[in-house]
Amino acid sequence: MAVEKTAVIIGSGIGGITTSIYLARQGYRVTVYEKNTTPGGRCGQIIRDGHRFDLGATIYLMPQLYRQVFESLHIIPDENYKTTPLTTIYKLYFGDGTELAFTTDKNHLKEQLESIEKGSYQQAEKLIKKGYALFQLSISSLLGRNFYHLFQFVTLKNALLLFKLKTHQKHANYVKRFFKNENLRKAFTFQNIYVGQNPYTAPALFSILPAAELTEGSLFPTGGMFSITRTLLSMAEAAGVRFVYNEPVIKILTAKNRATGVVLQNGSTINAKVIVANADLPYVYKELLPDRHSANRINNMNYSCSAIVLHWGLSKAYPQLEHHSVFLAEEYRDNLNKIFRHQSLGSDPSFYIHAPVRSDATAAPEAYDTLSIIIPSGHFKENDKQAWNDLKNQARISVIERLKKIGLTDIEEHIKFEICYLPQTWKNSINLTRGATFGSLGHNIFQMGYFRPHNRHNKYRNLYFTGGSTHPGNGVPLVLLSAKLTSERIIKEQ
Ligand SMILES: Cc1cc2nc3c(=O)[nH]c(=O)nc-3n(C[C@H](O)[C@H](O)[C@H](O)COP(=O)(O)OP(=O)(O)OC[C@H]3O[C@@H](n4cnc5c(N)ncnc54)[C@H](O)[C@@H]3O)c2cc1C
């Protein structure tokens with residue numbers, strides 16, 4: 001028998017920890033079981049030889065969304081954790097050797113854009129204004145609310161809303177209307193990769209991403225993104241939540257239309273009134289629940305791309321790199337095709353570098369550097385025959401060559417150590433289906449809103465989901481929102 005007001009949460013990612021705070025503050029006795037020895041999941045941390053790495057998430061995007069969720073938890077940014085606004089959000093390096101600093105300094109942005117294409121600054125302003133209006137509309141009408149029934153979603157009003165949100169247009173086509181220059185078109189669409197999408201096929205709704213960056217700016221939390229995890233964790237512990245690490249859940253027990261408890265790898269059974277799965281939703285359906293039909297349906301959905309990540313501890317500092325740098329491939333479109341059509345990786349890929357020492361000297365020993373290189377790649381398929389290690393080695397050579405071109409000529413000899421994550425590593429360490437890091441489920445319009453797997457199981461009416469693979473989607477700000485929405489639903493329904 002389930003005990004009154006008890007909750008078990010499977011996984012201590014951002015979604016799991018945040019949900020635990022809401023529930024504990026409503027009087028639930030909450031226990032979080034985490035398969036790994038440390039918290040945070042994709043917002044976790046690695047420290048080695050004085051070098052500190054954010055495991056996955058590095059960009060603090062959409063600060064207003066953090067504020068909105070944190071306000072409801074009485075967490076005050078810059079009181080509970082410190083942030084620094086970044087004037088240069090990132091520097092873009094195009095395949096033809098030219099550069100562009102995406103910056104909140106309007107004069108500097110104008111100067112750069114106008115030197116690339118006359119009149120483009122005004123066009124960029126228009127694009128950003130429209131994109132930010134879409135962002136606000138999408139939060140209030142699509143992403144920031146629970147849909148309890150199909151007819152709350154499928155209404156004439158929402159059909160018009162989806163039209164307004166530009167879900168019928170491809171992002172790359174939409175941006176063509178604003179700029180003639182190919183590099184500018186790329187600069188305002190490549191952000192689709194944040195949610196694991198191809199800008200040539202993703203809806204123009206995602207013009208919200210660069211618009212949010214340039215309107216709200218980007219922050220860096222002192223101590224890295226893990227300081228968000230740490231802040232949430234201390235709030236949860238203060239509210240009485242119990243965290244049990246190194247304790248995978250291997251099964252969710254069900255009876256009729258209820259989930260009655262979980263079985264841990266150590267063999268014990270824990271009963272609870274409410275169960276919340278923060279582990280990847282498709283994995284939970286496939287591996288922890290008995291219903292094959294739903295698991296197969298979700299398994300056949302569209303999945304986001306993955307990423308090969310190289311964390312480098314370096315015996316030299318490279319101040320030439322900004323805090324965030326994005327290197328776009330010379331064969332940009334071909335590279336995207338390799339990722340999204342062939343689920344693979346091109347030999348000369350696009351990549352992103354996080355250099356936290358620029359804003360926080362404590363991320364590396366003095367005069368040394370800490371870099372994380374994120375190379376978006378295809379996810380892996382069942383029975384995948386690709387030689388991922390070879391693809392990684394080739395990409396590594398290409399990254400080093402690209403860095404040499406901007407003056408980091410001796411970087412290879414200063415790599416003291418490398419920690420590498422391949423698509424399989426994401427699956428093995430976090431249980432992410434197909435190692436699809438930015439979802440795992442993709443964010444096409446048929447997998448958003450009511451069409452994304454719901455935050456409550458259809459049959460087991462006390463089994464809830466929180467995290468990147470349920471509503472509203474992936475990325476720390478949306479996952480925070482997911483925890484808020486799921487918690488509100490639990491409090492309303494249980
Ligand atoms: C390379 C990379 C770069 C990213 N960059 C950014 C960025 O710059 N900005 C941003 O906002 N977002 C970014 N993201 C996305 C962001 O990290 C995720 O959206 C977010 O952290 C996901 O949180 P979650 O709550 O869904 O849980 P997850 O992080 O997926 O955590 C789930 C937890 O469940 C645990 N678990 C799984 N199975 C079990 C089980 N059976 N029993 C017990 N525990 C289990 C896992 O170990 C894990 O701790 C990035 C992600 C990656 C991988």
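**Exercise 1. Identify the residues that touch the most other members of the largest nonpolar core, and the helix that gives the most to this core.**

Solution. Of the 103 residues in the largest nonpolar core, those touching the most other members are Val30, Tyr66, Phe70, Leu92, Phe188 and Leu232. A nonpolar core is a set of buried Ala, Val, Leu, Ile, Met, Phe, Trp, Tyr and Cys residues joined through side-chain atoms within 4.5 Å. Helix H4 (residues 120–143) gives the most to this core, with ten residues. Helices (H or I, at least four residues) and strands (E, at least two) are DSSP runs, numbered from the N terminus. A second, separate core has 28 residues, including Ile10 and Tyr33.

The model is predicted: local features need pLDDT of at least 70 and side-chain atom pairs count only at pLDDT 80 or more, while totals for chains, interfaces and linings use all residues. Residues are numbered from 1 along each chain as its sequence is written, and side-chain values use heavy atoms, with hydrogens and water left out.

**Exercise 2. Determine whether Thr31 is buried or exposed, and locate Thr31.**

Solution. Thr31 lies in strand S2 (residues 29–33). Its relative accessibility is 12%, so Thr31 counts as buried; buried means under 20% relative accessible area, exposed over 50%, and partly exposed in between (1.4 Å probe, protein chains only). Leaving out residues up to four places away in sequence, Thr31 touches Ala7, Val8, Ile9, Arg242 and Val244 (contact means heavy atoms within 4.5 Å).

**Exercise 3. Describe the surroundings of the ligand.**

Solution. First, the shell: of the 38 residues around the ligand, Gly15, Glu34, Arg42, Ile59 and Asn474 come nearest, where a residue is near if one of its heavy atoms lies within 4 Å. Next, the atom pairs: a polar side-chain atom of Tyr283 lies 2.8 Å from a ligand nitrogen atom. A backbone N or O atom of Gly468 is 2.9 Å from a ligand oxygen atom, and a polar backbone atom of Val476 is 2.8 Å from an oxygen atom of the ligand. Finally, the elements: helix H1 (14–25), helix H15 (423–430) and helix H16 (476–493) each give two or more residues to the shell.

**Exercise 4. Find where the cis peptide bonds from Gly439 to Ser440 and between His471 and Pro472 lie.**

Solution. The bond from Gly439 to Ser440 is cis, with omega near 0 degrees, and Ser440 is in the loop between H15 and strand S19 (463–465). The bond joining His471 and Pro472 is cis, with omega about 5 degrees; Pro472 is in the loop between S19 and H16. Most peptide bonds are trans.

Definitions and conventions:
Polar contact = N/O pair within 3.5 Å; in protein donor to acceptor, adjacent residues only side chain to side chain.
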